[in-house]
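Reader: Can you walk me through this one? I'd like the surface, then the strands, then some side chains.

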Amino acid sequence: MPRSSSLLTTPIGDTGAFTPSPARPVRVRARALPADAHLQPHQHAWAQLSYCDRGIMQVTAQDGDEVTYIEPPSRAVWIPPRALHAVTVLEAAQLRTLYVDAGAVPPDWSACRVIKVSPLLRELI
């Protein structure tokens, strides 16, 4: 993922209704993304749990080194606040994103990680 001074500091699209706050620390956003869609490198002040209940996505993040994760419906990717990341949709996907206020993020969750999506977590998302 190339570094550029023109990197976006907020996610692609209008996020006003989805921005978490201390009063509402978790917000949910859902959207359909076609195959070959690209969300350019960006970062934001809140954490994000990226999950697609259909399709497959590739998430690339700067977590010290650049790391790429393949995200099928059985997995989610945790992206901490201010982590530079980009998304490429490999198969048409139904993206479900949890935005988490930075104040609600546990201190030891400061790095990207893959999370197995249990049936309970899937239903909660």
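Reader: What does the accessible surface of the protein chain come to?

Author: About 6,700 Å². Carbon and sulfur atoms account for 55% of that. Keep in mind that this is a predicted model.

Reader: And what share of the residues is buried?

Author: 42% of the 125 residues in the protein chain count as buried.

Reader: Okay, folds. How many helices and strands?

Author: One helix and nine strands. Along the sequence the pattern reads β-β-β-β-β-β-β-β-β-α.

Reader: What share of the contacts join residues at least 24 apart?

Author: Take the contacts between residues at least 6 apart in sequence. Of these, 78% join residues at least 24 apart.

Reader: Which strands make up the open sheet?

Author: Four strands, in the order 2-7-4-5, with antiparallel pairing. Strand 2 (38-42) and strand 5 (65-71) stand at the edges. Each has a single partner strand, so one side of each has no neighbour in the sheet. From one strand to the next, the twist averages 15°.

Reader: How many bridges join strand 4 to strand 7?

Author: Six. Strand 4 covers residues 56-63 and strand 7 covers residues 85-91, and the two run antiparallel. One pair to click on: Thr60 has Ala86 in strand 7 as its bridge partner.

Reader: Now strand 8. Is strand 8 mostly covered or mostly open?

Author: Mostly covered. Seven of the eight residues in strand 8 are buried.

Reader: Which strands does strand 8 have bridges to?

Author: Strand 1 (residues 26-33) is joined to strand 8 by eight bridges, running antiparallel. Strand 3 (residues 47-52) is joined to strand 8 by six bridges, also antiparallel. For strand 1, Ala30 has Arg96 as its bridge partner in strand 8. For strand 3, Leu49 has Leu98.

Reader: Switching to side chains. How many aromatic pairs are there?

Author: Two aromatic pairs. Among them is Trp78 with Trp109, which is edge-to-face. The ring centres are 5.2 Å apart, with 85° between the planes.

Reader: Where do Trp78 and Trp109 lie?

Author: Trp78 is in strand 6 (residues 75-79). Trp109 is in the loop between strand 8 (93-100) and strand 9 (113-116). The pair therefore ties together parts that are 31 residues apart in sequence.

Reader: Buried or exposed, those two?

Author: Trp78 is buried, at a relative accessible area of 7%. Trp109 is partly exposed, at 26%.

Reader: Which residue lies over the face of Trp109?

Author: Arg113. Its distance from the ring centre is 4.0 Å.

Reader: What about Ala111? Where is Ala111 found?

Author: In the loop between strand 8 and strand 9. Ala111 counts as partly exposed, with 29% relative accessibility.

Reader: Which residues is Ala111 in contact with, leaving aside neighbours within four places in sequence?

Author: Asp63, Trp78 and Pro80. So far as Pro81 goes, Ala111 is 30 residues away in sequence and 9.2 Å away in space, C-alpha to C-alpha.

Reader: Last one. Is Leu84 buried or exposed?

Author: Leu84 counts as buried, at 10% relative accessibility. The cut-off for buried is under 20%. Leu84 is found in the loop between strand 6 and strand 7.

Reader: How far is Leu84 from Gln43?

Author: In sequence, 41 residues. In space, Leu84 and Gln43 are 4.7 Å apart, C-alpha to C-alpha.

How values were computed
Residues numbered from 1 in each chain as written. Predicted model: local features only at pLDDT ≥ 70, side-chain atom pairs only at ≥ 80, totals over all residues. Heavy atoms only, no water. Phe/Tyr/Trp six-rings, centres within 6.5 Å; stacked < 30°, edge-to-face > 60°. Buried < 20%, exposed > 50% of the residue type's maximum accessible area, 1.4 Å probe, protein only. Lys NZ or Arg CZ within 6 Å of the ring centre and 35° of its normal. Contact = heavy atoms within 4.5 Å. Pairing = 2+ DSSP bridges. Axes fitted to C-alpha atoms, helices over the stretch in contact; angles between N-to-C directions. Areas by Shrake-Rupley, 256 points an atom, 1.4 Å probe, with all protein chains shown as cover.
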